[in-house]
Amino acid sequence: MTGRTDPPVSDQFTYAASGVDIDAGERAVTLMRTAVERTSRPEVVSGLGGFAGLFALDTATYRKPLLASSTDGVGTKIALARQLDRHDTVGIDLVAMVVDDLVACGAEPLFLQDYVACGRVVPERIAAIVTGIATGCTLAGAALVGGETAEHGDLMAPDDYDLAATAVGIVEADAVLGPERVRDGDVVVAMASSGFHSNGYSLVRRVVAAAGLDLTATPAGLDRPLGEVLLEPTRIYALDCLALVQRFGVEGVHAYAHITGGGLAGNTARVVPDGLAAVLDRGSWALPAAVSLLEEHGVPRAESERAFNCGVGMVAAVSPDVADDVVTALGERGVPAWVAGTVGTRTGADAARLVSDYR
């Protein structure tokens, strides 16, 4: 009878050699811990590192609460972040894309969970990304209750990564905003975007490459290098929009539209009921210089207005009685805003259309 012989140990058959570095992942968690902990809300029960995030929702403080959820990513803006080796802002973009969708129905963002897939865990890079996510959560008043970093060395190139997140919010059933509240005569208030936000970057990158534009140079009309302009993080409107509802009520604020893929008219149309149409006056704001730059290099105006936000990141349909006060209140909160149009009887097929020309 012979004894059992253990198989030979080989360095090629380790998890690290297969493309997953557990030690690097643990170091990334250590680096991001402080930033994540800063996002905590009183309702958060568990800390970073648990198998699930726990959130103690006090339903007694609500009359008839509805939970709202939103999932999104950042898209190909990440390719520019990689090209410029700057990873501290795309996390803010990630949060903005989900919480600004939540607040469109009047929901307060409660918590968020992120998912980072990468070809190789570089702890400092992952920490920069998640620190950006934590910054965005702080700006939105949401807790970052957990997430996942997945190293896919045999599926992705070493420096590749992608981001996704899901956020959960809450709104009273009788305070949900949307097209059901929009009325003939409502005023459309536009809120300025901070840049391209997180939409249209496949087109942006195509134009930059075809025109040979230097991301480190400052083109005429811009006040800083093109790469910095393109990486400007998405504005987070969540707390500003919630403040308007708190001040003016659902009698004053009827609907929000988050201007993402599909452009200003396409997204505004989503909150206009049958029989009505929103008419938006381009003459009430100036087309951003960065959009003009891309148009100079071949992007048609119609395509710009479908792919980019063209300077407006969020719109509100409000009662005409409070429109001027809404604009003032947003300005006081640091959000440039203006009256951009009105809602009236629909005379054509479009629920929202742009008229005039940019000033």
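Reader: Is Asp-85 buried or exposed?
Author: This is a predicted model. Asp-85 is found in the loop between helix 2 (77-84) and helix 3. Its relative accessible area is 59%. Exposed means over 50%, so Asp-85 is exposed.

Reader: What is phi of Asp-85 near?
Author: Asp-85 is a residue other than glycine. Even so, its phi has a positive value. Phi of Asp-85 is near 50°.

Reader: Where is His-197, and is this residue buried or exposed?
Author: His-197 sits in the loop between strand 5 (187-192) and helix 5. Its phi is positive, near 55°, in a residue other than glycine. The relative accessible area of His-197 is 1%. The cut-off for buried is under 20%, so His-197 is buried.

Reader: How do the axes of helix 3 and helix 4 stand to each other: parallel, antiparallel, perpendicular or oblique?
Author: Helix 3 covers residues 90-102 and helix 4 covers residues 123-140. Their axes come within 6 Å and cross at roughly 40°. Angles under 35 degrees would count as roughly parallel, and 65 to 115 as roughly perpendicular. The crossing angle therefore makes helix 3 oblique to helix 4.

Reader: What is the handedness of that crossing, where helix 3 passes helix 4?
Author: Two packed helices are described by the angle between their axes and the distance between the axes. Handedness can be added for this pair. Helix 3 passes helix 4 in a crossing that is right-handed.

Reader: How many nonpolar, polar and charged residues are in the contact of helix 3 with helix 4?
Author: Helix 3 contributes Gly-91, Ile-92, Leu-94, Val-95 and Val-99. Helix 4 contributes Ile-129, Gly-132, Ile-133, Thr-135, Gly-136, Cys-137 and Ala-140. Gly counts as polar in this classification. By class, the contact has eight nonpolar, four polar and no charged residues.

Reader: Which word describes helix 7 against helix 11: antiparallel or oblique?
Author: Helix 7 (residues 238-252) packs with helix 11 (residues 323-332) at an angle of about 135°. The axes are 11 Å apart. Roughly antiparallel needs an angle over 145 degrees. The angle of this pair makes helix 7 oblique to helix 11.

Reader: How many charged residues are in the contact of helix 7 with helix 11?
Author: The crossing of these two helices, 7 and 11, is right-handed. From helix 7 come Asp-240, Leu-244, Arg-247 and Phe-248. From helix 11 come Asp-325, Val-326, Ala-329, Leu-330 and Glu-332. The contact of helix 7 with helix 11 has five nonpolar residues, no polar ones, and charged residues numbering four.

Reader: Is Glu-305 buried or exposed?
Author: Glu-305 lies in helix 10 (residues 301-307). Its relative accessibility is 14%. Buried means under 20%, so Glu-305 counts as buried.

Reader: With which side chain does the side chain of Glu-305 make a polar contact?
Author: Leaving out residues up to four places away in sequence, Glu-305 touches Gly-262, Gly-263, Leu-264, Arg-282, Cys-310, Leu-354 and Tyr-358. One of these is also a polar partner, at 2.7 Å, side chain to side chain. The partner is Arg-282.

Reader: What is the relative accessible area of Val-204?
Author: Val-204 is in helix 5 (residues 201-211). Beyond four places in sequence, Val-204 is in contact with Phe-196, Leu-230, Leu-294 and Phe-308. Val-204 is buried, and its relative accessible area is 0%.

Reader: What separates the C-alpha atoms of Val-204 and Ser-284?
Author: Along the chain, Val-204 and Ser-284 are 80 residues apart. In space, their C-alpha atoms are separated by 25 Å.

Note on methods. Residues are numbered from 1 along each chain as its sequence is written. This is a predicted model: local features need pLDDT of at least 70, side-chain atom pairs count only at pLDDT 80 or more; totals for chains, interfaces and linings use all residues. Side-chain values use heavy atoms; hydrogens and water are left out. Axes are lines fitted to C-alpha atoms, for helices over the stretch in contact, and angles run from 0 to 180 degrees between N-to-C directions. Helices (H or I, at least four residues) and strands (E, at least two) are DSSP runs, numbered from the N terminus. A crossing is left-handed if the near helix is turned anticlockwise from the far one by less than a right angle, and right-handed if clockwise. Contact means heavy atoms within 4.5 Å. Buried means under 20% relative accessible area, exposed over 50%, partly exposed in between (1.4 Å probe, protein chains only). A polar contact is a pair of N or O atoms within 3.5 Å; within protein, one must be able to donate a hydrogen and the other to accept it, and residues adjacent in sequence count only if both atoms are side-chain atoms.
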